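Here are my notes for you, point by point. Keep the structure open while you read.

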Protein chains: 2
Amino acid sequence: MTSVGRSVTIQDVANDSGVSVATVSRALRGLPNVAPSTRERVQESAERLDYHPDPAAARLASGRSRTVAMAVPSLDSWYFTQVMAGVEAVLTAAGYDLLVFAIDSDSARRRMTQGPLVKRADGLIIVNIKLSADESAALASAGVKVVSVGAASDSFSSVRVDDERVAELAVEHLMSLGHRRIGLAGHGDDPMKFDVPLDRRSGYRNVLERAGLTVDEELERGAGFSVAGGSEAAAHLLDLDDPPTAIFAMSDETAFGVMRAVWDRGLRVPEDVSVVGVDDHEFSAVVGLTTIRQDVTEHGSVAARLLLDRFVDPAIEATKYAVPIALIERKTTSAPAVIRH
Amino acid sequence: MTSVGRSVTIQDVANDSGVSVATVSRALRGLPNVAPSTRERVQESAERLDYHPDPAAARLASGRSRTVAMAVPSLDSWYFTQVMAGVEAVLTAAGYDLLVFAIDSDSARRRMTQGPLVKRADGLIIVNIKLSADESAALASAGVKVVSVGAASDSFSSVRVDDERVAELAVEHLMSLGHRRIGLAGHGDDPMKFDVPLDRRSGYRNVLERAGLTVDEELERGAGFSVAGGSEAAAHLLDLDDPPTAIFAMSDETAFGVMRAVWDRGLRVPEDVSVVGVDDHEFSAVVGLTTIRQDVTEHGSVAARLLLDRFVDPAIEATKYAVPIALIERKTTSAPAVIRH
DNA sequence: TTGTAAGCGTTATCAC
DNA sequence: GTGATAACGCTTACAA
């Protein structure tokens with residue numbers, strides 16, 4: 001229980017151990033060219049005095065902050081916070097701190113690339129955010145390393161799944177059960193900034209086309225990767241003159257919304273409508289949702305690791321890491337009960 | 001697109017606007033004693049040069065970091081991230097940054113009160129974490145303001161719900177439907193650090209005792225406020241010789257796990273077992289879970305606001321803010337189908 | 001192997 | 001109302 005006031009500085013440790021502050025700095029950071037006996041003495045002093053280097057001073061002198069920033073479109077989505085959990089665990093183990101930003105407006109977006117953020121963090125992990133060339137350049141020139149989760153990029157490393165394949169797995173599964181009229185919930189409305197939905201739509205179309213079916217754009221309905229979005233999209237699809245017998249939702253949360261809309265109409269899943277999601281959300285097992293599984297936490301831990309690697313070797317080349325996926329069959333998909341029309 | 005290298009400093013702005021750095025600092029921070037014309041000129045220069053003060057330098061000189069840290073037991077819980085969303089929104093609006101820590105080990109806990117964290121943040125928001133006297137003292141002497149969400153405290157402000165009342169509402173509802181044998185899922189196993197479960201158990205017992213029923217400890221089963229915890233607790237309760245006809249789960253996530261366990265046994269909700277949760281999770285409406293609603297995001301925004309208030313007036317007294325609650329009746333509760341034994 | 005000292009970019013305390 | 005200038009606590013050449 002220290003008294004209020006000035007805290008222990010490197011100078012205190014230097015005095016206590018009878019060496020200069022420079023030596024203390026070297027000793028404590030494990031730099032070479034320090035006599036073992038000296039290092040030991042310094043460490044002992046630091047420990048006894050409960051010394052902790054001031055991060056702001058270190059940042060000012062060295063330019064490095066041992067902090068990484070993470071930017072997500074929102075904080076109330078399961079996916080984003082799950083990624084964050086993966087990021088945090090790896091960062092903490094490496095002695096880095098995590099700064100979190102929700103990028104939900106243009107001003108927030110500007111703050112990410114221009115504002116003081118670039119001086120506060122050595123690296124930036126963006127999730128489901130697509131950087132413009134200017135934004136990338138600004139970050140690069142400020143010396144901020146970037147790793148992207150969700151969206152690919154040529155200028156920095158990224159971790160994502162093969163989104164076309166994700167959709168193909170889902171739709172192939174539905175087709176194999178006999179479905180021919182398959183709805184799509186979730187191709188989103190912001191293609192400028194985020195291309196996951198577009199890739200998944202491509203995968204969806206690929207399978208239909210390969211099977212010789214014509215793509216009916218009426219069956220593709222935007223949704224916000226959220227429960228509400230899924231409900232809205234499904235409501236629309238089910239009101240069609242010729243409604244789908246199955247719906248591929250672009251996330252499990254979207255799928256939950258779809259299921260809700262189905263139930264609200266007095267229909268049953270999967271008897272009347274089959275549903276497939278993506279993620280393998282914690283609740284999917286509870287409600288028996290068939291889904292395309294991906295380890296979301298791993299997205300985060302891999303991203304953090306790629307970033308840390310980049311810190312130790314800035315010359316390392318940008319990689320595109322693909323997380324594995326798998327179809328998990330549960331109870332929301334079955335053969336269509338009736339052949340319609 | 002600036003070139004790589006040194007960024008714009010206060011000196012550059014000073015040169016550009018023809019005043020000293022001291023004046024620039026004053027002008028830009030809105031301090032008094034600056035001629036309006038000067039201030040305008042400085043602001044114009046800063047804008048044009050795209051100047052942003054270095055947070056580390058400011059922190060070093062002023063002692064304030066315009067950053068707050070948030071510590072949660074884990075990042076993969078809906079509750080915590082929802083609180084975080086509320087915190088982030090308020091902080092961002094006030095120009096503060098958010099540092100996130102998962103406190104899932106003793107070393108993480110130590111880092112929170114001793115390590116460099118205290119030099120990185122002006123304030124700390126803890127969620128469902130109970131500080132020891134020593135920890136509180138350490139934080140206080142380091143000048144870090146604390147606000148607690150979930151756990152109350154005498155030394156700093158807190159925001160929470162009336163947890164006894166939460167449980168009472170839930171159990172009274174069950175009793176009014178005719179249930180007499182009511183299970184409790186979730187009183188946790190870490191009473192040293194977190195007293196929400198204990199208060200909820202008190203509320204649960206209060207209602208039973210008021211009704212003249214005897215409390216059967218066999219019906220009280222720990223659970224980790226998670227889906228898995230709920231399943232485990234429910235499995236145990238349902239295997240009792242005289243199983244409950246209803247279960248009060250301490251969170252919606254716990255309730256989902258309870259429901260799963262009920263279904264796994266071939267039983268139905270609510271026909272065989274009624275279930276009530278707490279939170280009003282986004283998915284509760286989807287599955288029709290009866291619950292005690294609380295605005296979780298608001299927990300976070302209120303906490304952040306209390307902290308910011310404390311920054312402007314450190315002498316402000318510690319308050320205990322109680323967030324409102326309400327019973328939301330849905331489809332998981334009904335009268336017990338059979339009067340047992 | 002160790003010490004000296006010059007920064008790093010601000011803020012704050014004085015004078016003026 | 002404005003300007004010097006001394007901190008703030010550390011890192012890092014450069015010397016020794």
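How many residues of chain A are in contact with chain B, and how many of chain B with chain A? Point 1 gives the counts.

1. **The two protein chains.** This is a predicted model. In it, 52 residues of chain A are in contact with 53 residues of chain B. The size of an interface is often given as the accessible area lost when the parts come together. For chain A and chain B, that area is about 4600 Å². Carbon and sulfur atoms carry 59% of it.

2. **Charges and polar pairs between the chains.** Chain A and chain B share six salt bridges. One to look up joins A:Asp97 to B:Arg111. Its closest N and O atoms are 3.4 Å apart. There are also 16 residue pairs in polar contact between chain A and chain B, with both residues at pLDDT 80 or more.

3. **What chain A brings to chain B.** Several elements of chain A each give two or more residues to the side that touches chain B. The helices are α4, α5, α7 (117-120), α8 (133-141), α12 (252-264) and α13 (284-287). The strand β2 (97-102) is also on the list. By class, this side of chain A has 25 nonpolar, 14 polar and 13 charged residues.

4. **The domains of chain A.** Now stay within one chain. Chain A is assigned domain 1 (10-49), domain 2 (64-160 + 296-323) and domain 3 (163-295). Note that domain 2 is written as two segments. The centres of domain 2 and domain 3 of chain A, taken over C-alpha atoms, are 29 Å apart.

5. **Where domain 2 meets domain 3.** In chain A, 16 residues of domain 2 are in contact with 15 residues of domain 3. Together these two domains of chain A bury about 1200 Å². Of that area, 44% is on carbon and sulfur atoms. Which residues of domain 2 of chain A lose the most area to domain 3? They are A:Trp78, A:Lys130 and A:Arg160, together 46% of what the domain 2 side buries.

6. **A salt bridge to find.** A:Lys130 forms a salt bridge with A:Asp195. The closest N and O atoms of A:Asp195 and A:Lys130 are 3.3 Å apart. The count between domain 2 and domain 3 of chain A is three salt bridges. These two domains of chain A also have eight residue pairs in polar contact, both residues at pLDDT 80 or more. On the domain 2 side, α5 (78-93), α6 (106-113) and α14 (296-312) of chain A each give two or more residues. The largest share comes from α14(A), with four residues. By class, that side has six nonpolar, five polar and five charged residues.

7. **DNA strand D.** Next, the nucleic acid. There are 26 residues around DNA strand D, and A:Ile10, A:Ser25, A:Tyr51, B:Thr23 and B:Thr38 come nearest. Sugar and phosphate make up 72% of the strand D atoms that come within 4 Å of the protein. A side-chain N or O atom of A:Ser25 is 2.6 Å from a phosphate oxygen of DNA strand D. For A:Arg64, the side-chain distance to a phosphate oxygen of DNA strand D is 2.8 Å. A base is reached too: a backbone N or O atom of B:Ala61 lies 3.4 Å from a base oxygen of DNA strand D. α4(A) gives the most to the surface near DNA strand D, with four residues.

8. **DNA strand C.** Here 25 residues surround the strand. The closest are A:Thr23, A:Ala35, A:Thr38, B:Ile10 and B:Ser25. Of the strand C atoms within 4 Å of the protein, 69% belong to sugar or phosphate, and the rest to bases. A polar side-chain atom of A:Arg26 lies 2.8 Å from a base nitrogen of DNA strand C. A polar side-chain atom of B:Arg64 lies 3.0 Å from a phosphate oxygen of DNA strand C. α2 and α4 of chain A, with α2 and α4 of chain B, each give two or more residues to the surface near DNA strand C. Which element gives the most to that surface? It is α4(B), with four residues.

Terms used: Residues numbered from 1 in each chain as written. Chains lettered and ligands numbered in written order. Predicted model: local features only at pLDDT ≥ 70, side-chain atom pairs only at ≥ 80, totals over all residues. Heavy atoms only, no water. Domains from an automatic or database assignment. Contact = heavy atoms within 4.5 Å. Buried area = accessible area lost by both parts, 1.4 Å probe. Salt bridge = Lys/Arg side-chain N within 4 Å of Asp/Glu carboxyl O. Polar contact = N/O pair within 3.5 Å; in protein donor to acceptor, adjacent residues only side chain to side chain. Nonpolar A, V, L, I, M, F, W, Y, C, P; charged D, E, K, R; others polar. Near = heavy atom within 4 Å.
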